[in-house]
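Dear colleague,

I am passing on the structure we spoke about, and my notes on it follow below. Please read them with the sequence and the model open beside you.

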Amino acid sequence: MKLPALAAACTGLMGLAVGLIFFYAPTDADQGFSQRIFYFHVPIALTSYACFGWGAWKALRYLRTRDERADTESYVAIHQGVVFGALTLITGSIWAKASWGVWWSWGENQLVLFLVLFLFYCAYFMLRFSVDPGPARANMSAVYALFGVVLIPVSFLAIRLSQKFIHPVVFNAHGPQMAGSQFFTFCVAFVAMLALFATLYQVELAGKRIDAHVRELRELLR
Amino acid sequence: MTYLRDVGALTRKDLLLELRARETLPSMLLFVLAALTIFHFALPRGTGETAARGLLWSALVFTALLGLTRAFVAEREQGMFDALVLAPCDRSAIWLAKSLAVFAFLACAELVALPAFAAFFTGIDGRTVAAVALADVGICTVGTLFGAMAVAGRARELLLPLLFLPMAIPIVVGGVGGYLWFLVLYDAIFALLAWALFEYVVAET
């Protein structure tokens, strides 16, 4: 099994990332110690996008191949995406409190975008659990997941139009606006977060597969 | 050409059904007027124009939602979906016809709602009317697809607002801000997506 190896790699990377974040990365001159939450918040947010993207890719695969496994994989990826999305909202909220003194800022595009996506993808579960299992449910989930991945850039544009831009811009057209050591720490944290997603994804998927297998066996015994 | 004829026949069926039963449109009209009246009492005195303009958009989105919830109820209750899916026409024609019918209802409701808004609150310029028309296209195309999904579930009426409202947020942003190009972009992207994906929504029901 490759799951234990993945889990071990994830633990190692996570430990390395935490070590780098607290002991290697320099303290921000402007925001002080609280800026270090950046190394959690942004990788979690990007991982969440990766989850939604992966879920939509699997949804597309399902619509083309009609393979039930792709449907389960799409569901699990979106489930993980919502978990990471909730974490993004929480860490973003903490960061906003630390640096601007408020728990919620409508001026922060990324946070508002995550709120919209969070609402959208929570409805995914409502849809999925209100339709009986079968090809119809898989089809609808897949269509909804594809709408979601298109909604991300459209919402981003909408939110950007709707308000002035006060979010600190770390990445722009001229590349990352930070020191080398900061960028290195960020990259390690991002890879660690992706590894965490991959591990959780595999764990949940293994659970789902065992679940389906047990159900099949029970049907046979009946 | 057959495609257009199919769409025409299906749209005609929906409009005829509404003309005979008079279920959806009267409730939409009453709802939008009641909502505007509520807003009059909900808005603090003197906040008038700016706040009211934003509320117009929420009234329109919720009115559309009311119409969309009803859109596929007859099909579901009378088991007409099976017949429609079996019919020898492209399945996206079902979606296009239903979108056109919902668009017609929504436009009728707005023909009353916009003058009422102008009378109750503040005048409306041509830009707002254009934005409303463009937003209607987006609301109807996306809403019809999600409406077809929602009636398949057990929660039905409860489900559609949950599915649709997050999708409506960009429409409201474009509408309130008067970004017509953004609404055109939204309509084009999501109409194309809905047109391509509708067949999967009804295929297995």
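Confidence varies along chain A of this predicted model: among the elements of the chain, helix H2 (residues 38-65) of chain A has the highest mean pLDDT, at 92, whereas strand E1 (residues 171-172) of chain A has the lowest, at 57. For chain A as a whole the mean pLDDT is 85, with 92% of its residues reaching 70 or more.

Turning to the contact between the chains, 25 residues of chain A and 26 residues of chain B take part in it. On the side of chain A that touches chain B, the elements that give two or more residues are helix H4 (109-130) and helix H5 (135-162) of chain A, and of these H5(A) gives the most, with 16 residues. That side of chain A divides into 21 nonpolar residues, four polar and no charged.

Within chain B, I also looked at a pair of helices, H7 (residues 126-150) and H8 (residues 159-177), whose axes come within 10 Å and cross at roughly 165°. Since angles over 145 degrees count as roughly antiparallel, H7(B) and H8(B) are therefore roughly antiparallel to each other. The crossing in which H7(B) passes H8(B) is right-handed. Among the residues that make this contact are Ala135(B), Gly138(B), Val142(B) and Phe146(B) from H7(B), together with Leu160(B), Phe164(B), Met167(B) and Ile171(B) from H8(B). Sorted by character, the residues of the contact of H7(B) with H8(B) comprise 14 nonpolar and five polar ones, with no charged residue.

With best regards

Methods: Residues are numbered from 1 along each chain as its sequence is written. Chains are lettered from A and ligands numbered from 1 in the order in which they are written. This is a predicted model: local features need pLDDT of at least 70, side-chain atom pairs count only at pLDDT 80 or more; totals for chains, interfaces and linings use all residues. Axes are lines fitted to C-alpha atoms, for helices over the stretch in contact, and angles run from 0 to 180 degrees between N-to-C directions. Helices (H or I, at least four residues) and strands (E, at least two) are DSSP runs, numbered from the N terminus. Angles under 35 degrees count as roughly parallel, over 145 as roughly antiparallel, 65 to 115 as roughly perpendicular and the rest as oblique. A crossing is left-handed if the near helix is turned anticlockwise from the far one by less than a right angle, and right-handed if clockwise. Two residues are in contact if their C-beta atoms, placed from the backbone, lie within 7 Å. Ala, Val, Leu, Ile, Met, Phe, Trp, Tyr, Cys and Pro count as nonpolar, Asp, Glu, Lys and Arg as charged, and the others, Gly among them, as polar. pLDDT is the predictor's confidence in each residue, from 0 to 100.
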